Amino acid sequence: MNDEVREPVLEVRDLHTVVRTDGHDLPVVRGVSFDVRAGEAVALVGESGSGKSLTALSVMGLLPDAARVVGGSVRLGGRDLQSLPESERRRTRGAQIAMVYQDPMTSLNPLMRVGSQVVEALDAHGVPRDEARRRAVEALGGAGLPRPERVARRYPHELSGGQRQRVMIAMAIALRPTVLIADEPTTALDVTIQQQVLALVDELRRATGLALIWITHDLGVVARVADRVLVMYAGQVVEAGPTRDLYRAPQHPYTAGLLGSIPPMLGTERPDLLQIGGAPPDLARRPSGCAFHPRCPQRVDRCVEEEPVLKPRGENLAACWVPRDHWVPAERAVS
Amino acid sequence: MLVVEDLVKHYKTRDGLVRAVDGVSFTVERGETLGLVGESGCGKSTTARMLVRLLDPTSGRILLDGDDVASARGATLSRLRSRIQMVFQDPYASLDPRLTVGRTLDEVLGVRRIVDGAAARRTRVHELLELVGMGAAVADRYPHQLSGGQRQRVGIARALAVEPEVIVLDEPVSALDVSVRAEVMNLLTRLRDELGLTYIFISHDLGMVRHISDRIAVMYLGRMLELGGWQPVSDAPLHPYTRSLRDAVPVADPEVEALREVTTLRGELPDAVDPPAGCLFHTRCPHAEDRCLAEVPDLREVAAKHRAACHFSERLYPDDVATGAPAGGVSR
């Protein structure tokens, strides 16, 4: 299928979110825009404080009390979600857009059998009880749980971490949404179990045309699952592009730094890793100009004063004043 | 220098006996880095804690130049403890939040009587901070005023304070932001080479283990399944579990990923109270046969200096066994 001709199912435009801290509104998501089409996997990559999870929660309309969206639009299947009353938005959640989280224990009710929890989610969206029961077992099976009738009668604590994550995925797909947001769903899992979850979600995407937003800090996972990537730093998208292009020729020094900091899994040489000095900024003390400038090996005066905006660079979009062919070789090591 | 013989840690629980570590043996040469890799429940952290005697082994010996850490008491134990130190995953949890960095280091120096006199200790604190790439000003800070990477540097400085020969690093970069991991890894490599340290590097991250180790040991359910040079073990493993582990780790290169044939391992980790008979891995192994259900495979030398606990390594990986998978301890 050609990407150009497929309509996006989710369109996020110039999203701005703030968190109320000490009487001030702290910007935590600053002008994030992206599209996701049916059957496509888009990764939001970032470290702590990058705003990747708050972007997801803003899209879902599930922000914590202190946070609120202050600008931009989120269109799902052509409808602007921001303009919907909460009751209608709640109906959209689950039915059209669903989310799975890093820690299933915080989203599952420990006192309720997992099957009943899936049934309840269906029931809340008006699926008749009998049908809901059938579909819950179907969804548990569809999430790769063997003997789903038996699993349905278990309590969350009787399941392993991998099984609980499969239950979360079952709940998320039970209503057959068009968009699934996966927020670090494999971070707490062992790698062999992570691989099972990656394979499962990929299979669902291929089979049902689910549009996938994968939120992670793991550039290996991104390389395995994503068609396109958005790299976030201090609440902003600093680079975006097709996964292959972005990895082959990163146009933002932060992306290049992240990629260089990972030890290669091939080859006989083991040079020092490329290191980005410092740490991700505290959002309350956001650096002037480009937020990455204090850590950037390519910094010029302009970066301190003026904030770069996302512009086409090669096959990607990047928010950087210094084009890649003007970069100085980044230092390896000497700590 | 370090010889671990048949190390065992069993726990009695309400559900039955848990064999957290069940007969693990290895040696580490002076200046060498041994990587211990495995998933949760494999016993790597329990092994780490026994090496520094935070845990008492059920049985087995841990010989440091011939002295047994496992059975040592009193003055002998504290002497051995200053020769083998540990760095923890979460530097925040392992540092006292009420003490400045300087006080934390000063206490270690004072208690162990490594440096006498307040002034001399202060100088040493500054030296230690410099050694881990931080300025003397950090001495006046509290742990909460530091970034994750800085806290881990302090954790490393504290381990170095007693001038150890061996450092057990238990997931030292796992809790850090991706962009901060590289500098801690580079620091560890530099310190090892400058100070001639011996490392036991424990991680679930095969990439990090591959990067820093001379030899790699792979653990599963309390046992060692493979042991050999870093390159053979990570790039041409001779045990099906290590193969699956390597397959499961996504490589940060979409072009490589697109070409990889990843076999997804079936099933979950077996119950530690009721481990499988025969080969521990047979319940998930794509190559398991009757023999694997009945007979525990020895950790045997399948290729030069490369051991694997699989009955069928030669048949499964004939090319890799034949090329002899170059002996361990090659270049850094």
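A helix axis here is a line fitted to C-alpha atoms over the stretch in contact, and the angle between two such axes runs from 0 to 180 degrees between N-to-C directions. Keep that in mind for the helix pair below, and remember that the whole model is predicted.

**A helix pair in chain B**

Let's start with two helices of chain B, α5 (residues 118–131) and α6 (residues 148–161), which pack at an angle of about 125° with their axes 9 Å apart. Angles from 65 to 115 degrees count as roughly perpendicular and those over 145 as roughly antiparallel, so α5(B) and α6(B) end up oblique to each other. Their crossing is right-handed. On the α5(B) side, the touching residues are B:Leu128, B:Leu129 and B:Leu131, and they meet B:Ala157, B:Leu160 and B:Ala161 of α6(B). Sort that contact by class and you get six nonpolar residues, with no polar and no charged ones.

**How chain B is divided**

Zooming out, chain B splits into domain 1 (2–83 + 164–322) and domain 2 (98–154). Taken over C-alpha atoms, the centres of these two domains of chain B are 32 Å from each other. Where they touch, domain 1 of chain B puts in nine residues and domain 2 of chain B puts in seven. The domain 1 side of that contact in chain B is made of six nonpolar, one polar and two charged residues.

**Where the chains meet**

Now for the two chains together: 40 residues of chain B are in contact with 39 residues of chain A. On the chain B side, at least two residues each come from α6, α7 (178–195), α8 (206–212), α10 (240–248) and α11 (254–259). Which helix gives the largest share of that side? It's α7(B), with eleven residues. By class, the side of chain B that touches chain A holds 15 nonpolar, 14 polar and eleven charged residues.

**Over to chain A**

Chain A is cut into three pieces: domain 1 (1–96 + 177–226), domain 2 (104–175) and domain 3 (255–326). The C-alpha centres of domain 2 and domain 3 of chain A are 42 Å apart.

One helix of chain A to look at is α4 (residues 114–124), where the buried residues are A:Val114, A:Gly115, A:Gln117, A:Val118, A:Val119, A:Ala121 and A:Leu122. Their cover includes α2 (86–95), α5 (129–142), α6 (148–152) and α7 (161–174) of chain A. After α4(A) comes A:Gly126, with a positive phi near 80°.

**Two loop residues with positive phi**

Chain A also has a pair of residues worth setting side by side. A:Arg176 is not a glycine, yet its phi is positive, and A:Ala234 likewise has a positive phi without being a glycine.

| Residue | Phi | Loop in chain A | C-beta neighbours |
|---|---|---|---|
| A:Arg176 | about 50° | between α7 and β7 (179–183) | 12 within 10 Å |
| A:Ala234 | near 50° | between β9 (228–233) and β10 (236–242) | 23 inside 10 Å |

Are these two residues buried or exposed? The cut-offs settle it: 20 or more other C-beta atoms within 10 Å make a residue buried, and 12 or fewer make it exposed. A:Arg176 has 12 of them and is therefore exposed, whereas A:Ala234, with 23, counts as buried.

Definitions and conventions. Residues are numbered from 1 along each chain as its sequence is written. Chains are lettered from A and ligands numbered from 1 in the order in which they are written. This is a predicted model: local features need pLDDT of at least 70, side-chain atom pairs count only at pLDDT 80 or more; totals for chains, interfaces and linings use all residues. Helices (H or I, at least four residues) and strands (E, at least two) are DSSP runs, numbered from the N terminus. Angles under 35 degrees count as roughly parallel, over 145 as roughly antiparallel, 65 to 115 as roughly perpendicular and the rest as oblique. A crossing is left-handed if the near helix is turned anticlockwise from the far one by less than a right angle, and right-handed if clockwise. Ala, Val, Leu, Ile, Met, Phe, Trp, Tyr, Cys and Pro count as nonpolar, Asp, Glu, Lys and Arg as charged, and the others, Gly among them, as polar. Domain bounds come from an automatic or database domain assignment.
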